[in-house]
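Hi everyone, thanks for coming along. Let me walk you through a structure that is new to most of us.

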Amino acid sequence: MRSERTHIIAGLLLSILIILKYFPILLLLYAFIIKKYKVVISTLLGITSILIFQTTYFGWDLMHFYLQDVLMPHLSGNIPGQGAFAISYQSWPSFFNNLFVYDALNNGAPIINWAAGKYIFLLLLYPAILFCTGSLISKIRRSKQNDDDKYNMIVMLLLISGLVLIPATASYHFLFLFL
């Protein structure tokens, strides 16, 4: 991504990764932070092209189903087959469901029976993590480290923050930490 000659190729490859798995979108944010705008533009154009092709090939009904019934519930921590109280995926929504939301079948004894607590804590947690990440990135950028070290620290911070925020972590996501 840092080589001037490969910006467009890097962006196109990144667009394929983002379409396959949304987690690499953090690398797009990284490219924006380090001001690799050719990578950002080629990635966005690649994503747009792929989505247009998918919609043309599969049709709007299937794409709408995916967006509404698969992706959006997944992003809110409602994993199909797991339920809102599952702890195996370590999502923040399921954690707060187990703390605050009463359910006769799945959570008969929450720590505090206060359903609004889930939403309040989610509304506090996500901005707090994003603020801390942004503050650390700003501090790293102003540090006296060489640029390669700064960029490596920023990308690792973005990946770790992403792992903390995503609704369903899986053990293989931690392989990204070894990149």
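**A walk through the chain**

Let me begin at one spot: asparagine 107 sits in the loop between α5 (92–100) and α6. A quick word on what we have here: this is a predicted model, in which local features need pLDDT of at least 70, side-chain atom pairs count only at pLDDT 80 or more, and totals for chains, interfaces and linings use all residues. Residues are numbered from 1 along each chain as its sequence is written, and side-chain values use heavy atoms, with hydrogens and water left out. The helices are DSSP runs (H or I, at least four residues), as strands are (E, at least two), and they are numbered from the N terminus.

Back to our loop. Is asparagine 107 buried or exposed? It is buried, with a relative accessible area of 8%; buried means under 20%, exposed means over 50%, and partly exposed is in between, with a 1.4 Å probe and protein chains only. The side chain of asparagine 107 reaches the backbone oxygen of asparagine 97 at 3.1 Å. Contact here means heavy atoms within 4.5 Å. Leaving aside neighbours within four places in sequence, asparagine 107 is in contact with Phe85, Asn97, Asn98, Val101 and Tyr102.

Staying in this region, phenylalanine 96 lies in helix α5 and is buried, at a relative accessible area of 6%. Outside its neighbours within four places in sequence, phenylalanine 96 is in contact with Val101, Lys118, Phe121, Leu122 and Leu125. From phenylalanine 96 to alanine 84 is twelve residues in sequence and 9.8 Å in space, C-alpha to C-alpha.

Now let's step back and take in the whole chain. It has seven helices and zero strands. The C-alpha atoms fill a box of roughly 60 × 50 × 25 Å, taken along the principal axes. Of the 179 residues in the chain, 34% are buried. Among contacts between residues at least 6 apart in sequence, 51% join residues at least 24 apart.

What about the inside? In soluble globular proteins, nonpolar side chains tend to be buried together. A nonpolar core is a set of buried Ala, Val, Leu, Ile, Met, Phe, Trp, Tyr and Cys residues joined through side-chain atoms within 4.5 Å. The largest such core has 14 residues, and those with the most contacts inside it are Phe23, Tyr30, Ile33, Ile137, Ile154, Leu158 and Leu159. Helices α2 (25–33), α6 (115–142) and α7 (147–165) each supply at least two residues of this core. Which helix gives the largest share of this core? That is α7, with six residues. Take leucine 158: not counting residues up to four places away in sequence, it touches Leu26, Leu29, Tyr30, Ile33, Thr133 and Ile137. There is also a second, separate core of eight residues, which includes Phe85, Val101, Leu122 and Ile129.

Over to another pair of helices. Isoleucine 47 lies in helix α3 and counts as buried at 14% relative accessibility. The C-alpha atoms of isoleucine 47 and serine 15 are separated by 5.1 Å, although the two are 32 residues apart along the chain. Apart from neighbours within four places in sequence, isoleucine 47 is in contact with Ser15, Ile18 and Ile19.

On to the outside, and helix α4. Histidine 74 is found in α4, which covers residues 60–75. Not counting residues up to four places away in sequence, histidine 74 touches Tyr22, Ile79, Pro167 and Ala168. Leucine 62 is in α4 too, and it is partly exposed, with a relative accessible area of 44%.

Finally, a small curiosity in the loop between α2 and α3, where we find lysine 35. Most residues other than glycine have a negative phi, and most peptide bonds are trans. What is phi for lysine 35? It is near 60°, a positive value in a residue other than glycine. Lysine 35 counts as exposed, at 52% relative accessibility.

That's my tour. Thanks for listening, and I'm happy to take questions.

Conventions
A polar contact is a pair of N or O atoms within 3.5 Å; within protein, one must be able to donate a hydrogen and the other to accept it, and residues adjacent in sequence count only if both atoms are side-chain atoms.
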